[in-house]
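Biologist: Could you take me through this model one small step at a time? I'm new to this, so please explain the terms as we go.

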Amino acid sequence: KIFNLYGQLSQTVARIFLLLIKKNIKYNKTMIKELIDIPYATEVRVARRKGKKSTCEFFTPYEIIKKMADKIPESTWSDPTKTFCEPCFGSGNFVLYIIWNRIQHGIDWETALRTCYGVELMQDNVSETHSRVIGLLDALNIDYDKSVAMDIMHENLVCSDFFEWDF
């Protein structure tokens with residue numbers, strides 16, 4: 001029913017809304033786990049894995065992301081001058097966590113986006129990540145400008161080869 005209500009939303013954003021509605025998620029530290037742990041076996045990805053040219057995609061689960069992020073000093077998360085780079089962001093699990101954690105540490109949404117860079121080879125993954133970031137900002141109930149957020153993501157979270165992209 002939600003897909004009919006929100007036909008213009010991507011499937012991923014609709015799933016996020018479903019999660020929020022079904023679980024009445026409070027905006028706290030458990031929310032990011034719920035937003036990241038969405039099934040990623042989409043038809044496109046399954047076909048890609050079964051095809052002649054596999055992309056060897058692996059989507060890092062929340063628990064591993066959290067363990068890795070916990071090794072970064074707290075002061076780094078709250079420093080607006082620090083920049084994060086994800087060289088192969090897939091469907092955006094690390095990107096979502098980085099942006100979410102920066103916002104939780106007092107960084108405004110725009111700075112959190114502007115200081116997060118990433119590259120991904122598959123355009124469908126890039127589009128999905130953009131949608132998931134918008135879903136995250138919506139879920140956090142942040143007052144933000146969607147067109148500015150999309151402009152930043154089109155500059156910072158791109159479809160390219162990491163070794164060829166000019167940062």
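Biologist: Is Glu74 buried or exposed?
Modeller: This is a predicted model, where local features need pLDDT of at least 70 and side-chain atom pairs count only at pLDDT 80 or more, while totals for chains, interfaces and linings use all residues. Residues are numbered from 1 along each chain as its sequence is written, and side-chain values use heavy atoms, leaving out hydrogens and water. Buried means under 20% relative accessible area, exposed over 50% and partly exposed in between (1.4 Å probe, protein chains only). Glu74 has 54% relative accessibility, so Glu74 counts as exposed.

Biologist: Which residue's side chain does Glu74 join in a polar contact?
Modeller: Glu74 is in helix H6 (residues 74-77); helices (H or I, at least four residues) and strands (E, at least two) are DSSP runs, numbered from the N terminus. A polar contact is a pair of N or O atoms within 3.5 Å, and within protein one must be able to donate a hydrogen and the other to accept it; residues adjacent in sequence count only if both atoms are side-chain atoms. At 2.5 Å, the side-chain partner of Glu74 is His105.

Biologist: How far apart are the closest N and O atoms of Glu110 and Arg114?
Modeller: Both residues lie in helix H8 (residues 109-114), four residues apart, about one turn of the helix. They form a salt bridge, that is, a side-chain nitrogen of Lys or Arg within 4 Å of a carboxyl oxygen of Asp or Glu. The closest N and O atoms of Glu110 and Arg114 are apart by 2.8 Å.

Biologist: How many salt bridges does a search of the whole structure find?
Modeller: Besides Glu110 with Arg114, the side chains of Lys66 and Asp70 meet in a salt bridge. Lys66 counts as partly exposed, because its relative accessibility is 29%. For the whole structure, the number of salt bridges found is two.

Biologist: Within what arc do the buried residues of helix H5 fall?
Modeller: In H5 (residues 62-69), the buried residues are Tyr62, Ile65 and Ala69. They line one face of the helix, because, seen down its axis, they fall within an arc (of the directions from the helix axis to the C-beta atoms) of 65°.

Biologist: How many residues in the lining of the largest pocket are charged?
Modeller: Asp, Glu, Lys and Arg count as charged; Ala, Val, Leu, Ile, Met, Phe, Trp, Tyr, Cys and Pro as nonpolar; and the others, Gly among them, as polar. A pocket is an open set of points on a 1 Å grid over the protein atoms alone where a 1.4 Å probe fits, with protein on both sides within 12 Å along at least five of seven lines, and lining residues have an atom within 4 Å of a point. The lining has 12 nonpolar and eight polar residues, and its charged residues number four.
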